[in-house]
Amino acid sequence: MTAPLTDGLRPVDVLTVVAVADVTPSVRRVVLSGSSAAVALAGPTVNLLVPRVRDPAPDWPRVAKDGRIVWPQGSHGVALRSYTARRQDPGAGEVEIDFVLHGDGPAAAWAAAAVPGAPLGVAGGAALGARPAAHLLLAGDETALPAISRILGEAAPTTTGTALVEVAGPHEEQPLTAPAGVSVRWLHRGDVAPGESTLLADAVAALDRPVGDDVFAWVGAESATVRAIRADLRGRWGLGRAQHHAIGYWRRGRAMAPAG
Ligand SMILES: Cc1cc2nc3c(=O)[nH]c(=O)nc-3n(C[C@H](O)[C@H](O)[C@H](O)COP(=O)(O)OP(=O)(O)OC[C@H]3O[C@@H](n4cnc5c(N)ncnc54)[C@H](O)[C@@H]3O)c2cc1C
């Protein structure tokens with residue numbers, strides 16, 4: 001667990017896969033168990049330490065007092081990737097993470113091969129970046145669905161607004177619970193490759209700016225898409241820094257961080 005070591009470095013938390021299920025053809029839900037403290041810290045966004053596929057005893061990094069990850073020397077095969085805890089239950093010691101099986105990269109490969117008993121490291125969590133507001137705009141692709149689901153689930157019942165979610169097709173839609181005043185719209189990119197469609201940016205561009213200043217926009221998708229939407233929200237909608245959070249969740253053609 002997290003006992004301090006004499007060199008000031010502590011071990012990372014390690015969770016264990018307890019169940020794996022396919023939510024849609026391209027999204028795999030992995031349920032992990034761990035101590036209640038580790039689960040409480042594993043989200044809402046979570047820095048995962050992803051081992052090589054079927055590595056039962058990864059050479060984990062350790063964590064310095066200031067939170068810095070200290071990697072082992074040489075080839076360790078552990079990749080750092082950001083994900084979202086769709087559900088955290090510290091009491092039950094369980095956390096659920098939905099992985100998009102996009103066909104490339106250490107995290108997608110690990111999730112595709114995950115079986116009960118497999119270990120997954122956790123190196124801290126962070127907030128989703130959303131703030132409560134009378135009017136919400138949420139825009140994202142399937143990588144952002146867990147975050148969008150949490151934000152909608154935590155929104156006040158009086159919240160109005162729009163949630164735009166781009167997925168491949170109807171078979172990739174997931175049930176979302178939203179306040180009655182928030183309309184959820186699914187955008188289907190069909191045969192267009194993920195990250196190459198302009199659907200999400202076009203849908204935001206077609207929205208009129210809501211009246212008033214109690215507005216918050218949250219965006220998570222491929223980086224170029226997010227850049228286009230962020231520019232639109234800052235320009236046409238005139239949103240200030242405190243009124244939006246727009247983050248590239250992945251980059252087309254680029255790994256998010258090097259694997260060791
Ligand atoms: C804060 C945050 C939260 C996130 N939460 C989630 C989450 O809950 N679930 C989730 O699935 N993802 C989530 N992501 C996105 C995830 O971190 C990236 O998709 C990441 O690149 C996956 O790592 P990888 O090792 O599978 O692929 P990488 O090694 O990073 O990339 C390998 C290749 O795959 C491509 N690629 C990466 N992601 C995709 C994709 N979605 N579709 C098509 N091609 C892709 C890259 O362009 C690259 O060419 C989140 C990202 C952030 C920043």
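**Exercise 1. Locate Pro44 and describe the peptide bond that leads into it.**

Solution. Pro44 sits in the loop between α1 (36-41) and β4 (45-50); helices (H or I, at least four residues) and strands (E, at least two) are DSSP runs numbered from the N terminus. The bond from Gly43 to Pro44 is cis, with omega near 0°. Next, consider Arg54, placed in the loop between β4 and β5 (62-63). Its phi is near 60°, a positive value in a residue other than glycine. For reference, most residues other than glycine have a negative phi, and most peptide bonds are trans.

The model is predicted: local features need pLDDT of at least 70, side-chain atom pairs count only at pLDDT 80 or more, and totals for chains, interfaces and linings use all residues. Residues are numbered from 1 along each chain as its sequence is written, and side-chain values use heavy atoms, with hydrogens and water left out.

**Exercise 2. Characterise the interface between domain 1 and domain 2.**

Solution. Begin with the division of the chain: domain 1 covers 10-126 and domain 2 covers 135-250, with bounds from an automatic or database domain assignment. Their centres, taken over C-alpha atoms, are 26 Å apart. Domain 1 contributes 14 residues to the contact and domain 2 contributes ten, where contact means heavy atoms within 4.5 Å.

Turn next to area. The two domains bury about 970 Å² between them, 55% of it on carbon and sulfur atoms; buried area is the accessible area (1.4 Å probe) that two parts lose on being put together, summed over both. On the side of domain 1, Thr84, Arg86 and Val100 lose the most area to domain 2, together 42% of what that side buries.

Then count the polar interactions. There are zero salt bridges between the domains (a side-chain nitrogen of Lys or Arg within 4 Å of a carboxyl oxygen of Asp or Glu). Four residue pairs are in polar contact, both residues at pLDDT 80 or more; such a contact is a pair of N or O atoms within 3.5 Å, and within protein one must be able to donate a hydrogen and the other to accept it, while residues adjacent in sequence count only if both atoms are side-chain atoms.

Finally, assign the elements. β2 (13-24), β3 (27-33), β7 (79-89) and β8 (94-100) each give two or more residues to the side of domain 1 that touches domain 2, and β7 gives the most, with four residues.

**Exercise 3. State which backbone atoms lie close to oxygen atoms of the ligand.**

Solution. A backbone N or O atom of Val100 lies 2.8 Å from a ligand oxygen. For Ala108, the distance from a polar backbone atom to a ligand oxygen is 2.9 Å, and for Arg251 it is 2.4 Å.
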